[in-house]
Amino acid sequence: MKTSPLSEGFGIEVTDIDLSAPLDDAAFGALRKAWFDSGVMVVRDQALTPDAQIAFARRFGDLAIHVMDQFLLPGHPEILVLSNRKRPDGTPEGFEDAGRYWHSDISYEERPALGSQLYAVEIPPEGGDTMFQDMVRAWETLPDDLKQRIEGRRALHSYTRNHKKNETQEGGRPAISAAQGARLTDVVHPIVRTVEDTGRKALYVNPGFTWAIEGMDEAEGRALLDALFAHSRDRAFRYVHKWRPGDLLCWDNRTVMHHATMYDPAYIRHMHRTTIRGPRPV
Ligand code: OGA
Ligand code: MN
């Protein structure tokens with residue numbers, strides 16, 4: 001296994017490893033450390049069946065099953081399909097407009113995602129990049145007055161509010177079913193979290209799913225969140241991933257947020273995501 005930096009700021013590239021073959025504990029431990037030290041890790045040139053991708057993800061912890069269950073891979077609910085491909089009957093094979101805003105995966109759940117692993121099955125020749133922001137740097141560089149205003153505070157995360165907002169956009173989205181809605185209760189998480197593996201602090205709010213600050217007047221909370229979001233989007237701590245076929249892109253949702261970008265819909269973009277559940281943020 002060989003590693004090299006992905007960008008000047010953060011991220012690591014791993015080559016010369018085959019994740020479909022059994023990985024001994026030492027190699028697995030090295031890979032895990034490389035990932036969590038870097039925030040974003042791409043493992044190049046993989047050929048992963050759904051079973052192999054799931055088996056690899058399971059070594060990191062329990063897997064989350066996405067609430068939008070119409071986009072789970074049939075027979076493999078641990079895999080969320082992101083795709084613009086349609087079945088012969090015209091129904092979508094996957095979630096087409098997933099994540100086209102800054103977010104941290106399933107931060108609206110009590111135990112949000114620790115890591116996500118997205119495998120490129122088919123990618124367009126250009127576009128469809130995935131952008132990342134380093135939220136450890138976002139916290140470290142936050143002006144003192146903002147740090148003081150969020151000290152000890154918690155924020156509200158909600159998927160239903162996100163979904164409603166996206167439903168009204170062009171193209172729309174399928175409505176949340178009653179059964180899906182029953183799973184979606186809003187949660188509160190600390191605005192600054194401490195990452196278990198490293199003890200580092202990271203800003204843990206995102207424009208996709210975070211809507212209010214607990215115990216704060218709504219307008220005041222909104223203005224404060226907007227200031228945090230504006231700071232978090234600073235290009236000084238951004239990495240933009242340009243996909244290659246066979247990439248398994250892994251990100252630590254505790255320390256980075258991410259954003260999908262558009263591509264020419266004449267091309268197919270078909271991806272498989274596994275999601276590792278983390279502990280309740282503290
Ligand atoms: C995701 C996601 C980004 C992308 O899979 O969680 O946000 O570029 N995807 O597809
Ligand atoms: Mn996402």
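Which residues coordinate the manganese ion (ligand 2)? In this predicted model, the ion is held by the NE2 atom of H103, an OD atom of D105 and the NE2 atom of H258, at 2.1 to 2.2 Å.

## The manganese site

Read along the chain, the donors of the manganese ion (ligand 2) follow the spacing H-x1-D-x152-H, so that H103 and D105 are separated by one residue, because the "x1" in this pattern stands between the H and the D, while "x152" stands between the D and the final H. Two of these donor residues can also be described by their surroundings: H103 is buried, with a relative accessible area of 5%, and D105 is buried as well, with a relative accessible area of 2%. Both count as buried because their values fall under 20%.

## The surroundings of ligand 1

The residues around ligand 1 are L82, G99, H103, D105, L118, T130, W251, H258, A260, R269 and R273. This list includes H103, D105 and H258, which also coordinate the manganese ion (ligand 2).

Three side chains can be followed to an oxygen atom of ligand 1. For H103, an N or O atom of the side chain is 3.2 Å from an oxygen atom of the ligand, while for D105 a polar side-chain atom lies 3.0 Å from an oxygen atom of ligand 1. In the case of T130, the distance between a side-chain N or O atom and an oxygen atom of ligand 1 is 2.6 Å. On its own, ligand 1 has 290 Å² of accessible area, and the protein covers 99% of it.

## The sheet that contains β7

An open sheet of three strands, paired in the antiparallel sense, has the order β13-β7-β15. The strands at its edges are β13 (238-241) and β15 (256-260), and since each has a single partner strand, one side of each is left without a neighbour in the sheet. On average, and with direction ignored, neighbouring strands of this sheet are turned by 20 degrees against each other.

Strand β7, which covers residues 130-134, pairs with β13 in the antiparallel sense over four bridges. As one example of how the residues of these strands are matched, M131 has V240 as its bridge partner in β13. In general, strands of a sheet pair through backbone hydrogen bonds, and they may do so in a parallel or an antiparallel way.

## The sheet that contains β8

Another open sheet of three strands has the order β9-β8-β12, again with antiparallel pairing. Its edge strands are β9 (187-190) and β12 (210-213), each of which pairs on one side only, and the twist from one strand to the next averages 35 degrees.

What joins β8 to the strands beside it can be followed bridge by bridge. Strand β8 (residues 154-157) is joined to β12 by three bridges, in an antiparallel arrangement, and β8 pairs with β9 over four bridges, also in the antiparallel sense. Residue A155 has a bridge partner in each of these strands, namely I213 in β12 and H189 in β9. Within β9, V187 and H189 point one way and V188 and P190 the other way, yet all of them are buried.

## Two loop residues with positive phi

Most residues other than glycine have a negative phi. D16, although it is not a glycine, has a positive phi of about 60 degrees, and its place is in the loop between β2 (12-15) and α1 (25-38). D45 is also a residue other than glycine with a positive phi, near 60 degrees, and it lies in the loop between β3 (40-43) and α2 (50-58).

Are these two residues buried or exposed? D16 is exposed, with a relative accessible area of 52%, and D45 is exposed too, with a relative accessible area of 65%.

## Two buried residues, in a helix and in a strand

N162 lies in helix α5, which covers residues 159-167, and it is buried, with a relative accessible area of 2%. The side chain of N162 is joined to that of Y101 by a polar contact of 3.5 Å.

V42, by contrast, has its place in strand β3, and it counts as buried at 0% relative accessibility. Between the C-alpha atoms of V42 and D186, which are 144 residues apart along the chain, the separation is 32 Å.

Conventions. Residues are numbered from 1 along each chain as its sequence is written. Chains are lettered from A and ligands numbered from 1 in the order in which they are written. This is a predicted model: local features need pLDDT of at least 70, side-chain atom pairs count only at pLDDT 80 or more; totals for chains, interfaces and linings use all residues. Side-chain values use heavy atoms; hydrogens and water are left out. Two strands pair if DSSP finds at least two bridges between them. Axes are lines fitted to C-alpha atoms, for helices over the stretch in contact, and angles run from 0 to 180 degrees between N-to-C directions. Donors are N, O and S atoms within 2.8 Å of the metal (3.2 Å for Na, K and Ca); water is not among the atoms, so sites may look incomplete. Buried means under 20% relative accessible area, exposed over 50%, partly exposed in between (1.4 Å probe, protein chains only). A residue is near a molecule or strand if one of its heavy atoms lies within 4 Å of it. A polar contact is a pair of N or O atoms within 3.5 Å; within protein, one must be able to donate a hydrogen and the other to accept it, and residues adjacent in sequence count only if both atoms are side-chain atoms. Accessible areas come from the Shrake-Rupley method with a 1.4 Å probe; for residues, only the protein chains shown count as cover.
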